[in-house]
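Colleague: I would like to go through this model with you, one question at a time. Please keep the answers short.

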Amino acid sequence: MPFLDLSSHRLHYRIDGDKDGCQGKPWLMFCNSLGTDLHMWNAQVAGLRPYFRLLRYDSRGHGRSSVPLPPYGLSDLGNDALALLDALEIERVHFCGLSIGGLTGQWLGIHAGERFGKIAVCAASAKIGTAESWTTRMDAVRENGLAALTPATVERWFTPGFSAVEPRSVGKVLDSFVATSIDGYIGCCAALAGADLREDIGLIANPLLAVSGDDDPVCPPADLEDISLRVQRGRHLSLPGRHIVNIESRRAFNVALLEFFGSSTRR
């Protein structure tokens with residue numbers, strides 16, 4: 001089980017992809033959403049492994065990564081990703097992040113765009129929520145824990161139809177949500193409270209695909225359309241589902257990623 005030890009914490013990561021002849025395959029890095037872990041990308045790994053070397057990691061305070069003392073800033077999350085690339089001696093990588101992972105992708109495009117090829121920003125905004133709403137969320141988690149948020153979370157994350165048809169898939173995601181460290185969750189909420197990239201994302205020159213869930217109440221399609229218009233080379237795609245659209249529309253999501261990143265696989 002690979003870990004990267006940093007000065008204040010350790011990052012858990014995983015690499016997938018066919019080792020035979022993998023040298024010619026491009027790297028694709030995934031960054032998880034708030035309250036999940038790297039397993040949220042299992043369907044993407046299954047579908048995209050033949051075409052990429054896939055790098056997943058648990059964001060600080062999530063999954064098997066350790067929990068530095070909160071609060072965190074968005075720059076902390078972005079620099080974790082860069083530290084992992086440096087440690088693995090990966091010079092350039094494509095990037096896909098969802099929710100806070102998508103916000104991290106925007107930060108990386110602004111501050112370290114030369115390290116990245118194409119960037120997929122999914123179910124995110126240039127500013128997610130308000131400082132007041134995240135403060136309220138942090139207070140609720142400190143008082144009642146994450147389990148108390150489960151009913152509202154499943155409603156935001158998945159449509160009722162998907163929850164009814166695939167309760168096992170939903171249950172696995174909710175299990176990872178409840179298992180998330182309280183300090184790790186609150187630390188990332190603080191990063192969300194302080195993050196506002198609306199004035200800066202015009203600096204992103206990387207080709208960028210903004211993917212929305214067409215029924216996402218957290219980051220609706222208009223937010224992703226706005227990102228695609230503000231960056232220099234963006235386009236927007238909306239797929240059926242709510243916030244965790246990569247799971248609810250996994251097949252269409254994989255097709256979209258392969259189409260977007262796929263020109264790099266045909267060498």
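Colleague: Which residue of strand 4 does Arg 14 stand opposite?

Modeller: This is a predicted model, in which local features need pLDDT of at least 70, side-chain atom pairs count only at pLDDT 80 or more, and totals for chains, interfaces and linings use all residues. Residues are numbered from 1 along each chain as its sequence is written, and side-chain values use heavy atoms, with hydrogens and water left out. Strand 2 (residues 10–16) and strand 4 run antiparallel and are joined by four bridges; strands are DSSP runs of E, at least two residues, and helices are runs of H or I, at least four, each numbered from the N terminus. Opposite Arg 14 in strand 4 stands Arg 56.

Colleague: What is the bridge partner of Met 29 in strand 4?

Modeller: Strand 3 (residues 27–31) pairs with strand 4 in the parallel sense, over five bridges; two strands pair if DSSP finds at least two bridges between them. The partner of Met 29 in strand 4 is Leu 55.

Colleague: Is strand 4 enclosed or exposed?

Modeller: Arg 53, Leu 55 and Tyr 57 point one way from strand 4, and Leu 54 and Arg 56 point the other way. In a regular strand, side chains alternate between the two faces of the sheet. Buried means under 20% relative accessible area, exposed over 50%, and partly exposed in between (1.4 Å probe, protein chains only). Five of the five residues of strand 4 (residues 53–57) are buried, so the strand is largely enclosed by the rest of the structure.

Colleague: Which strands are the edge strands of the sheet?

Modeller: The open sheet has eight strands in the order 1-2-4-3-5-6-7-8, with mixed pairing. Two of them pair on one side only: strand 1 (3–5) and strand 8 (234–239).

Colleague: How are helix 2 and helix 3 oriented, one to the other?

Modeller: The axes of helix 2 (residues 74–87) and helix 3 (residues 100–111) come within 9 Å and cross at roughly 75 degrees. Axes are lines fitted to C-alpha atoms, for helices over the stretch in contact (heavy atoms within 4.5 Å), and angles run from 0 to 180 degrees between N-to-C directions. Angles under 35 degrees count as roughly parallel, over 145 as roughly antiparallel, 65 to 115 as roughly perpendicular and the rest as oblique. The crossing of helix 2 and helix 3 therefore counts as roughly perpendicular.

Colleague: Is Ser 99 buried or exposed?

Modeller: Ser 99 lies in the loop between strand 5 (93–98) and helix 3. Because its relative accessibility is 8%, Ser 99 counts as buried.
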